[in-house]
Amino acid sequence: MGRRYRPLTCREVKTILKNLGFEPRDQRGSHEHWVQDRGGRRYKVTVDCPKEPFTKDLLRWMIIQAGVSKDEFYAALDR
């Protein structure tokens, strides 16, 4: 992942999702679901906090679920 794309904590991922306009939904078990309706489509990101810090593969899936690029995802941490 390199320096630019370092592993992220659960708190950081939640900050990113909030900054991207996602909202949390009711939690069942350890998995949190964050949703956003955009462009006539619903995006749902699953966040499993006990697995933090999140590995490259878990982050890749969360980024895909969010429907944004890796650069957009990481940039949202600094907003």
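This is a short guided tour of the structure above, one selection at a time. Keep in mind that the model is predicted.

**Stop 1: the whole chain**

Start with everything shown as a cartoon. The protein chain has three helices and three strands, and from the N terminus on you meet them in the order α-β-β-β-α-α. With a radius of gyration of 12 Å, close to the 12 Å that the globule rule gives for 79 residues, the chain is as compact as a globular protein of that length. If you turn it along its principal axes, the C-alpha atoms fill a box of roughly 35 × 30 × 20 Å. Buried residues make up 34% of the 79 residues. Among contacts with a separation of 6 or more, 45% come from residues 24 or more positions apart.

**Stop 2: helix 1**

Now select residues 10-19, which form helix 1. Which residues of helix 1 are buried? They are Cys10, Glu12, Val13, Ile16 and Leu17. Why do these buried residues lie on the same side of helix 1? Because they cover an arc of only 160° around the axis. A general point helps here: an α-helix has 3.6 residues a turn, so residues three or four places apart point the same way.

Spin the view to the other side of helix 1, and you will find Arg11 and Lys18 exposed. Then look at what lies over the buried residues: the cover includes strand 2 (31-38), strand 3 (41-48), helix 2 (56-66) and helix 3 (70-75). Before leaving, click on Gly21, which follows helix 1 and has a positive phi, near 100°.

**Stop 3: the nonpolar core**

Next, show side chains for Val13, Leu17, Phe22, Val47, Leu59 and Phe73. Of the 22 residues in the largest nonpolar core, these touch the most other members. Helix 1, strand 3, helix 2 and helix 3 each supply at least two residues of this core. In soluble globular proteins, nonpolar side chains tend to be buried together.

Centre the view on Leu17. What does Leu17 touch, not counting residues up to four places away in sequence? The answer is Phe22, Trp34, Val45, Val47 and Phe73.

**Stop 4: the aromatic pairs**

How many aromatic pairs does the structure hold? There are two. For one of them, select Tyr5 and Tyr74: the ring centres are 5.0 Å apart and the planes stand at 70°, so the pair is edge-to-face. This pair links distant parts of the chain, since Tyr5 belongs to the segment before helix 1 and Tyr74 to helix 3, 69 residues apart. Tyr5 counts as buried because its relative accessibility is 16%, under the 20% cut-off. Tyr74, at 10% relative accessibility, counts as buried too.

Add Phe73 to your selection. Phe73 and Tyr74 also form an edge-to-face pair, with 6.3 Å from centre to centre and 70° between the planes. Both of these residues are buried. Together, the ring pairs link Tyr5, Phe73 and Tyr74 into a cluster.

**Stop 5: charges over rings**

Keep Tyr5 in view and add Lys70, which lies over the face of Tyr5 at 4.5 Å from the ring centre. Finish with Arg38 and Tyr43. Here Arg38 lies over the face of Tyr43, at 4.1 Å from the ring centre.

Definitions and conventions: Residues numbered from 1 in each chain as written. Predicted model: local features only at pLDDT ≥ 70, side-chain atom pairs only at ≥ 80, totals over all residues. Heavy atoms only, no water. Buried < 20%, exposed > 50% of the residue type's maximum accessible area, 1.4 Å probe, protein only. Helix = DSSP H or I, 4+ residues; strand = E, 2+ residues; numbered from the N terminus. Arc of directions from axis to C-beta. Contact = heavy atoms within 4.5 Å. Core = buried A, V, L, I, M, F, W, Y, C linked by side-chain atoms within 4.5 Å. Phe/Tyr/Trp six-rings, centres within 6.5 Å; stacked < 30°, edge-to-face > 60°. Lys NZ or Arg CZ within 6 Å of the ring centre and 35° of its normal. Rg over C-alpha atoms; globule rule 2.2 N^0.38 Å.
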